[in-house]
Amino acid sequence: MEQGSLRERKQQRSREAIIEAAHALFEEHGFDKVTVADIAERAEVGRATFFRYFGDKQEVVFADGGDLEAVLAEAAQITGEGPIGDSLPAALDVARRVVVSYVRRITAEPAGYTRHERLVASHPELLARSLTKQRRHAELMYDLLTGQGASTEIAAIAAEAGLAAYYAGRAIAGDDPARLPAAVESVFDRLSARS
């Protein structure tokens, strides 16, 4: 048992070393000029070790993405008074808990959040990958809501509203990580007042 936990800790350290090395190199040289070999060398791991954790250097950019799956798992444990059914307010309440918790996680280290957003915005291929991930987040939210008894229509509306609340919060906060969680909360307040 202890050997497994030691192995897991070593794997976690290797993964973190790769992430730290990649971000340092991206800052120093720019994303386009950094290769997987550069990252592996800086992290003091082999290329095979790099590819054990990441498919390419773009994946490293999104490695610290707030762990949405963990947020969703936590939200799934919180049950309301019953199945959501056709209650948009109940579905929005679940979406709010998930989105706000996720936003708090991704903004917990403000400098890292800002660095990440700047990097993604300056590279079309990273922006495309970010948008694909965000669509996947909406799908996971839909699955969570239907799993909690929401009708397909209500789950779709609340999942898309959750993503929209994130985008609107970013616009309201000027993408300032210190203001973003409260801005997203404010958007949900407005949505709830209308539902």
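**Rings, charges and a patch**

Student: Is Phe51 buried, partly exposed or exposed?

Tutor: This is a predicted model, so everything we say is about computed values. Phe51 has 39% relative accessibility. Buried needs under 20% and exposed needs over 50%. That makes Phe51 partly exposed.

Student: Which kind of aromatic pair do Phe50 and Phe51 form?

Tutor: A search of the whole structure turns up four aromatic pairs. In the pair of Phe50 and Phe51, the centres are 5.2 Å apart and the planes make 85°. Planes over 60 degrees apart get a special label, so the pair Phe50 and Phe51 is edge-to-face.

Student: And what do we call the pair of Phe50 and Phe54?

Tutor: Here the ring centres are 5.8 Å apart and the planes sit at 45°. Stacked needs an angle under 30 degrees and edge-to-face one over 60. An angle of 45° fits neither, so the pair of Phe50 and Phe54 is tilted.

Student: Which three residues make up the aromatic cluster around here?

Tutor: Two of its members are buried: Phe50 at 0% relative accessibility and Phe54 with a relative accessible area of 3%. The other member is the partly exposed Phe51. So the one aromatic cluster is Phe50, Phe51 and Phe54.

Student: What percentage of the annotated "DNA-binding region" is helix?

Tutor: First find the span: an unreviewed UniProt entry puts that annotation on residues 35–54. The end C-alpha atoms of the span lie 13 Å apart. Strand makes up 0% of residues 35–54, while helix makes up 75%.

Student: Which residue has its charged end over the ring of Phe31?

Tutor: Look for a charge 4.4 Å from the centre of the Phe31 ring. The residue whose charged end sits there is Lys57.

Student: How far apart in sequence are Arg129 and Asp56?

Tutor: The salt bridge between Arg129 and Asp56 has its closest N and O atoms 2.9 Å apart. Arg129 lies in helix α8 and Asp56 in the loop between α3 and α4, so the pair ties together separate parts of the chain. Both are partly exposed, Arg129 at 24% and Asp56 at 27% relative accessible area. In sequence, the parts they tie together are apart by 73 residues.

Student: Which helices does the salt bridge of Arg96 and Glu185 link?

Tutor: The side chains of Arg96 and Glu185 meet at 2.6 Å, N to O. They are 89 residues apart, and the pair links distant parts of the chain: helix α6 and helix α10.

Student: Which residues are joined into one network with Glu185?

Tutor: Glu185 also meets Arg104 in a salt bridge, 3.3 Å from N to O. Glu185 is in helix α10 and Arg104 in helix α6, so this pair ties together parts 81 residues apart. Shared partners join Glu185 into one network with Arg96, Arg104 and Asp189.

Student: Is Arg96 buried or partly exposed?

Tutor: Compare it with Arg104, which at 47% counts as partly exposed. Arg96 has a relative accessible area of 19%. The cut-off is under 20%, so Arg96 is buried.

Student: How much accessible area does the nonpolar patch with Leu131 have?

Tutor: Leu131 lies in helix α8 and is partly exposed at 41% relative accessible area. Leu131 shares a nonpolar surface patch with Leu127 and Tyr167. Together, their accessible area is about 250 Å².

Terms used: Residues numbered from 1 in each chain as written. Predicted model: local features only at pLDDT ≥ 70, side-chain atom pairs only at ≥ 80, totals over all residues. Heavy atoms only, no water. Phe/Tyr/Trp six-rings, centres within 6.5 Å; stacked < 30°, edge-to-face > 60°. Buried < 20%, exposed > 50% of the residue type's maximum accessible area, 1.4 Å probe, protein only. Lys NZ or Arg CZ within 6 Å of the ring centre and 35° of its normal. UniProt positions renumbered as here; feature names shortened; annotations may be inferred. Helix = DSSP H or I, 4+ residues; strand = E, 2+ residues; numbered from the N terminus. Patch = residues over 30% accessible without salt bridge, like charges linked within 9 Å, V, L, I, M, F, W, Y side chains within 5 Å. Areas by Shrake-Rupley, 256 points an atom, 1.4 Å probe, with all protein chains shown as cover. Salt bridge = Lys/Arg side-chain N within 4 Å of Asp/Glu carboxyl O.
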